[in-house]
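Student: I've got this model open and I'd like a close look at a single part of it. Could you pick one residue, tell me what sits around it, and then work outwards from there?

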Amino acid sequence: RGQEVDTAGDGFYAAFDGPARAIRCAREVRDSAKSLGMTTRVGLHTGECLLGEKLSGLAVHIGARVAGLAPAGRVLVSQTVRDLVAGSGFEFDHFGAHALKGVPDSWQLYAVRESTP
């Protein structure tokens, strides 16, 4: 229940109706790319977006910055995503506090632990 909404260079942006679905899809994309000999870096954030010709807004910008910090082959999420999927069975490893270019404050980031659903 997600859809690709935009591309940027060799990457793409997708929107989902829930953060747990976004995590599951991110892992599927990563695994499919790996089977083709490619590596991915995935970053997820959730928040208010502006709907127009393209999906835009600070939440989109944050998601892109989180993806830029993700290690190859990992799914990195903001604390907002981690908090919203509490109770879903996902587990996370703390990835530290980071300044995101163009975004105020420091952001706590988490890597999705591979042993979770």
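Tutor: Let's start with Arg 82. Once sequence neighbours within four places are set aside, Arg 82 is in contact with Val 77, Phe 92 and Tyr 110. Keep in mind that this is a predicted model. Arg 82 is found in helix H3, and at 27% relative accessibility it counts as partly exposed. Of those three partners, take Tyr 110 to begin with: Arg 82 lies over the face of its ring, 4.3 Å from the ring centre. As for rings paired with rings, the structure holds zero aromatic pairs. Arg 82 also ends up 8.7 Å from Leu 109, C-alpha to C-alpha, with their places 27 residues apart in sequence.

Now move to Phe 92. Leaving out residues up to four places away in sequence, Phe 92 touches Ile 23, Val 77, Arg 82, Val 85, Tyr 110, Ala 111, Val 112 and Arg 113. So which residues touch the most other members of the largest nonpolar core? That core has 14 residues, and the answer is Ile 23, Leu 44, Val 75, Val 77, Phe 90, Phe 92 and Val 112. H1, E3, E4 and E6 each supply at least two residues of this core, and H1 gives the most, with four. There's also a second, separate core of nine residues, which includes Val 66, Leu 76, Leu 100 and Leu 109. As background, nonpolar side chains tend to be buried together in soluble globular proteins.

Helix H1 deserves a turn of its own. It runs over residues 19–35, which makes 17 residues, and it reaches 24 Å from its first C-alpha to its last, close to the 24 Å expected at 1.5 Å a residue. Its buried residues are Ala 20, Ala 22, Ile 23, Ala 26, Arg 27, Arg 30 and Ala 33. Seen down the axis of H1, these fall within an arc of 160 degrees, so they line one face of the helix. Note that two arginines are on that buried list, Arg 27 and Arg 30. What does the buried side of H1 pack against? Its partners are strand E2 (11–16), strand E3 (42–44), E4, helix H3 (79–84), strand E5 (92–99) and strand E6 (106–112). That brings us back to H3, where Arg 82 is found. On the face of H1 turned away from its buried side you'll see the exposed residues Glu 28 and Ser 35. H1 is followed by Gly 37, whose phi is positive, near 85 degrees.

Strand E4 (residues 75–78) is another good place to look, and Ser 78 is in it. Is Ser 78 buried or exposed? Its relative accessible area is 0%, so it is buried. Apart from neighbours within four places in sequence, Ser 78 is in contact with Leu 44, His 45, Thr 46, Gln 108, Leu 109 and Tyr 110. Tyr 110 is thus a contact of Ser 78 and a contact of Arg 82.

His 45 leads on to helix H2, since Ile 62, also in contact with His 45, has its place in that helix. The other contacts of Ile 62, again without neighbours within four places, are Leu 100, Val 103 and Trp 107. Ile 62 is buried, with a relative accessible area of 3%. H2 has 12 residues and reaches 17 Å from first C-alpha to last, close to the 16 Å expected at 1.5 Å a residue. Its buried residues are Ala 59, Ile 62, Gly 63, Val 66 and Ala 67. Down the axis of H2 these fall within an arc of 140 degrees, so they line one face of the helix. They pack against E3, E4 and E6. Ile 62 and Ala 86, 24 residues apart in sequence, are 21 Å apart in space, C-alpha to C-alpha.

Finally, two loop residues. Gly 52 is found in the loop between E3 and helix H2 (58–69), and it is exposed, with a relative accessible area of 59%. Gly 52 and Met 38 are 14 residues apart in sequence, yet 32 Å apart in space, C-alpha to C-alpha. Asp 105 is found in the loop between E5 and E6, and it is exposed too, at 66% relative accessible area. Its phi is near 75 degrees, a positive value in a residue other than glycine.

Methods. Residues are numbered from 1 along each chain as its sequence is written. This is a predicted model: local features need pLDDT of at least 70, side-chain atom pairs count only at pLDDT 80 or more; totals for chains, interfaces and linings use all residues. Side-chain values use heavy atoms; hydrogens and water are left out. Buried means under 20% relative accessible area, exposed over 50%, partly exposed in between (1.4 Å probe, protein chains only). Contact means heavy atoms within 4.5 Å. The expected span of a helix is 1.5 Å times one less than its number of residues. The arc is that of the directions from the helix axis to the C-beta atoms. A nonpolar core is a set of buried Ala, Val, Leu, Ile, Met, Phe, Trp, Tyr and Cys residues joined through side-chain atoms within 4.5 Å. Rings of Phe, Tyr and Trp (its six-membered ring) pair if their centres lie within 6.5 Å; planes under 30 degrees apart count as stacked, over 60 as edge-to-face and the rest as tilted. A charge sits over a ring if NZ of Lys or CZ of Arg is within 6 Å of the ring centre and within 35 degrees of the ring normal.
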